[in-house]
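This report introduces a protein model together with its ligand. The sequence and the structure are shown first.

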Amino acid sequence: MDSTLLLLVIVAVVVMVGLVGVWYATSRRRLPQAPSEPEVEPVDTGGGVDVLERPVEVAPPEVVPEVPAPEPAPRPTFFERLGKARNAFTGYLSGLVGLSKVGEDEWEELEEALIRADVGVKTSMSLIEDVRTIANETGAEDGVAVLALLKQRMHEELKGKDRTLRLDDDATNVWLFVGVNGVGKTTTIGKIGRRLVDEGHRPLMAAGDTFRAAAAEQLTMWAERAGTEIVRGNEGGDPSSVIFDGVQAAAARGRDVVLADTAGRLHNKANLMEELAKVRRVAAKEPGTVTEVLLVLDATTGQNGLSQAKVFTEAVEVTGVVLTKLDGSAKGGVVFAIESELGLPVKLVGLGEGVGDLVDFDPDAFVDALFE
Ligand SMILES: Nc1nc2c(ncn2[C@@H]2O[C@H](COP(=O)(O)OP(=O)(O)O)[C@@H](O)[C@H]2O)c(=O)[nH]1
Ligand SMILES: [Mg+2]
């Protein structure tokens, strides 16, 4: 009995050892195959850059009156979207309306109101000084007359700037978008891409922010909404080479403008300047013509954004400003500080997160919206 049991135990042990041995041998054999091909989608073109084909033009429906052609994205007005800036600005000004004579204290408070609205100290002082001079000369004394003079002076301050976006005929235009992280560069490229398509242009996007894979993903989503092509590189790749490949692809495919995204996060100022200068140089290589370098600024950061802006203007020759998030900002006055202190025209304004929420900066509509 005992010996039978012993025999059974021995047999069981032998069988188990055998099974373990077989399992070990087969798993060893599989090991060398483990580091097979990486599960990364292959990218084409010499520079390791992936060109995604997107339909650029949607053919209009053929004489089917019931189905209207796709409308261009609707645009908001300054008045609709500047509620916050207007409240901040007119909060104090409305107190002036009932005054029969604007005295020393009121002039000072008026200046402070402009500074609070982020017009900037220097610009606020010079605006108020001018308005006081005109008020003295014309004998304007009461609150309503002084406010009318201030409004007129603010209109004048923004007049006469060239705010056109340059697009040369028969050229592969490159528009570079620069600015710190989170200001709205990628979103702006998406919106302007759609607008250019609406206007009959053939833009192509270049995902030059290669720091994060998510940045290229985000731009790809915007390219789909805008109906444009996009050229993107590998994460951590050289931004200049992505933009270079974008220009080559645009020229080869008859696109008239490359909308080039860039990274806003760089380790230090020297690094940023070097990187941007290189991007600018490479973008201008045959057949590319850099026709706009747009500095994107976030209106909610007000004066703080200005010091950042100066770093960018030192690194590249900026041709204009895109002021984003004016819809959510009480600091609309920063437009004046940008134009007078940076000496740059505000060309485009972001009035929301939707694809249609980017408009040309209309200085008259802007000033009117602040006062209404
Ligand atoms: N309200 C509002 N939000 C905006 C506007 N422009 C951009 N944003 C938002 O700002 C955030 C950062 O934008 P993004 O384009 O990623 O900034 P980037 O890092 O400079 O590329 C996103 O959540 C955008 O939706 C604008 O004009 N108005
Ligand atoms: Mg971005």
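The text below describes the chain as a whole, the surroundings of the ligand, and two helix pairs.

The model is predicted: local features need pLDDT of at least 70, side-chain atom pairs count only at pLDDT 80 or more, and totals for chains, interfaces and linings use all residues. Residues are numbered from 1 along each chain as its sequence is written, while chains are lettered from A and ligands numbered from 1 in the order in which they are written.

The protein chain has 13 helices and nine strands; these are DSSP runs numbered from the N terminus, with H or I and at least four residues for a helix, and E and at least two residues for a strand. Of its 372 residues, 40% count as buried, a term that requires 20 or more other C-beta atoms, placed from the backbone, within 10 Å of the residue's own. Two residues are in contact if their C-beta atoms, placed from the backbone, lie within 7 Å. Among contacts in the protein chain with a separation of 6 or more, 77% join residues 24 or more positions apart.

Around ligand 1 there are 18 residues, of which G184, K185, T186, T187 and G350 come nearest; a residue is near if its C-beta atom, placed from the backbone, lies within 6 Å of the molecule. Helix α7 (residues 185-198) supplies the largest share of this shell, three residues. By class, the shell has 11 polar, five charged and two nonpolar residues. Ala, Val, Leu, Ile, Met, Phe, Trp, Tyr, Cys and Pro count as nonpolar, Asp, Glu, Lys and Arg as charged, and the others, Gly among them, as polar.

Two packed helices are described by the angle between their axes and the distance between the axes. The table gives both values for two pairs.

| Helix pair | Angle | Axis distance |
|---|---|---|
| α10 (residues 269-283) and α11 (residues 303-315) | about 45° | 9 Å |
| α9 (residues 239-252) and α10 | about 20° | 9 Å |

Axes are lines fitted to C-alpha atoms over the stretch in contact, and angles run from 0 to 180 degrees between N-to-C directions.

With its angle of about 45°, α10 is therefore oblique to α11. In this pair, K269, L272, M273, L276 and A277 of α10 meet V311, E314 and A315 of α11. That contact has six nonpolar, no polar and two charged residues.

At about 20°, α9 is therefore roughly parallel to α10, a label for angles under 35 degrees; oblique covers angles that are not under 35, over 145 or 65 to 115 degrees. Here P239, S240, I243, F244 and V247 of α9 meet E275, K278, V279, V282 and A283 of α10. By class, this contact has seven nonpolar, one polar and two charged residues.

Methods. Buried ≥ 20, exposed ≤ 12 C-beta atoms within 10 Å, placed from the backbone.
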